[in-house]
Amino acid sequence: MLALWIVLAVVVATLVVGLVVVVPRRRRGRRDSGSGSATTATIDAPPGAIPRTGAEPAPVAARPEEPEPEVGEPPELRDRMGKTRGLFSGYVRALRSRSSVDDEAWDDLEEALLRADVGVVTTTALLEDLRSRVHAGELRGADAVVAALREDLRRSLDTTAGTGLSYEGDGTCVWLFVGVNGVGKTTTIGKVARREKAAGRSVLLAAGDTFRAAAAEQLDLWAQRTGVEIVRGAEGGDPSAVVFDAVQRAQARGNDLVLADTAGRLHTKVNLVEELKKIRRVADRPPGNVNEVLLVLDATTGQNGLTQARQFLDAVGVTGVVLTKLDGSAKGGIVIAIQRELGLPVKLVGLGEGPDDLVPFDADEFVAALFD
Ligand code: GDP
């Protein structure tokens, strides 16, 4: 019995000692790991970062620890254009099944083009041409009309021939990105940086939208994800100074390409037109060389995008359009309106939110996706 009491006493004593010794250690351990993460955050601060004074933009170099993996397979236009494709090809199928091209058939075709947001002007021109060819006996039957429409649309996209992005000229190549807020400008710059870097070019980003702190933050995230440097300025600072700094820095470091973001409140702030002109002037001053001014338009806004586009055309010479969100839009016909009514080539199309969801626009693929 005594032995049993001795054993019990030993067990209780062991438990008490264990609690007294182990618990404080654990607490200390937790405190230690907390201070450890704070140290990591300090180490993570971008090397070479210059503290911002709040007055003039200061170049900040962001160097990521682990950029995202190599660029993946680009998505297929046909697979991602489901909404426009579903709408348009449905009408085309119905038209093909008709025995003759009567008034109802013309109405359906008009509805298809308008609903896909090809636009009234372009739709009217296309249909007038087709009707006259039917009356002249040149086109017989629904299949022939569909084939002719397909050919007309393809031809109206011919202005895209040779519309690759330009790197030509002396000095540091600059691509400016313009467009209203929310169209996908920042995302597009991030995607382009990724593509260009994967193609072997060294890229530097310029956070030229100094009106919105969030815009610079977002671009900074892309810089880190992509593993490229970014030049940022103070919020409310002079955007031309940021672009100027970026060009100087790119020149000094031997970067191939500067991708410059710009503010997107053009439609509400008249002075932003002047600001945009100034950014362009500054960016084009040697050693800078503006090769592209890319207008970013959101495909889901359809015809409204054309009104926006005209404002930017007046402000700054646009060399081409990046049409974003084609994946979520039934208004893909806007591609045709952009080219016919604005005379601007669509150079790139955004097909999703992922980092690789940006592809060069291919007119053949686009028309095939609508009809086949
Ligand atoms: P910004 O204000 O013009 O810089 O626009 P953001 O780059 O912030 O993009 C606005 C939103 O559009 C974000 O949620 C993006 O992920 C989204 N977005 C951008 N491009 C595309 C695209 O091609 N497809 C889809 N589905 N979403 C996109």
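Asp102 is partly exposed, with a relative accessible area of 32%. Here buried means under 20% relative accessible area, exposed means over 50%, and partly exposed is in between, using a 1.4 Å probe and protein chains only. The model is predicted: local features need pLDDT of at least 70, side-chain atom pairs count only at pLDDT 80 or more, and totals for chains, interfaces and linings use all residues. Residues are numbered from 1 along each chain as its sequence is written, and side-chain values use heavy atoms, with hydrogens and water left out.

**Around Asp102**

Asp102 belongs to the loop between helix H3 (82-96) and H4. Helices (H or I, at least four residues) and strands (E, at least two) are DSSP runs, numbered from the N terminus. The side chain of Asp102 makes a polar contact with the side chain of Arg98, at 3.5 Å. A polar contact is a pair of N or O atoms within 3.5 Å; within protein, one must be able to donate a hydrogen and the other to accept it, and residues adjacent in sequence count only if both atoms are side-chain atoms. A polar atom of the Asp102 side chain also lies 2.9 Å from the backbone nitrogen of Ala105. In sequence, Asp102 and Gly141 are 39 residues apart. In space, their C-alpha atoms are 9.8 Å apart.

Arg154 sits in helix H6 (residues 141-156). Arg154 is partly exposed, at 21% relative accessible area. Arg154 and Ala363 are 209 residues apart in sequence, yet 6.7 Å apart in space, C-alpha to C-alpha.

**Backbone details**

Asp117 has a positive phi of about 70 degrees although it is not a glycine. Asp117 is in the loop between helix H4 (103-115) and helix H5 (120-135). Asp117 counts as buried because its relative accessibility is 11%.

Lys325 is not a glycine either, and its phi is positive, about 60 degrees. The loop between strand S6 (320-324) and helix H12 (334-342) holds Lys325. Lys325 is partly exposed, with a relative accessible area of 31%.

A cis peptide bond joins Pro286 and Pro287, with omega about 10 degrees. Pro287 lies in the loop between helix H10 (271-283) and strand S5 (288-298).

**The ligand**

The shell around the ligand has 18 residues; the closest are Gly182, Thr186, Thr187, Asp327 and Glu353. A residue is near a molecule if one of its heavy atoms lies within 4 Å of it. By class, the shell has 3 nonpolar, 9 polar and 6 charged residues. Ala, Val, Leu, Ile, Met, Phe, Trp, Tyr, Cys and Pro count as nonpolar, Asp, Glu, Lys and Arg as charged, and the others, Gly among them, as polar. Helix H7 (residues 185-198) gives the most to this shell, with 4 residues.

The table shows ligand distances.

| Ligand atom | Protein partner | Distance |
|---|---|---|
| oxygen | N or O atom in the side chain of Thr186 | 2.4 Å |
| oxygen | polar backbone atom of Gly350 | 3.4 Å |
| nitrogen | polar backbone atom of Gly352 | 3.3 Å |

Taken alone, the ligand exposes 580 Å², and the protein buries 80% of that. Accessible areas come from the Shrake-Rupley method with a 1.4 Å probe; for residues, only the protein chains shown count as cover.

The ligand sits in the largest pocket. On a 1 Å grid over the protein atoms alone, a pocket is an open set of points with protein on both sides within 12 Å along at least five of seven lines. A molecule sits in a pocket if more than half of its atoms lie within 2 Å of its grid points.

How values were computed:
1 Å grid on protein atoms, 1.4 Å probe; cavity = no way out; pocket = protein on both sides within 12 Å on 5 of 7 lines; lining within 4 Å.
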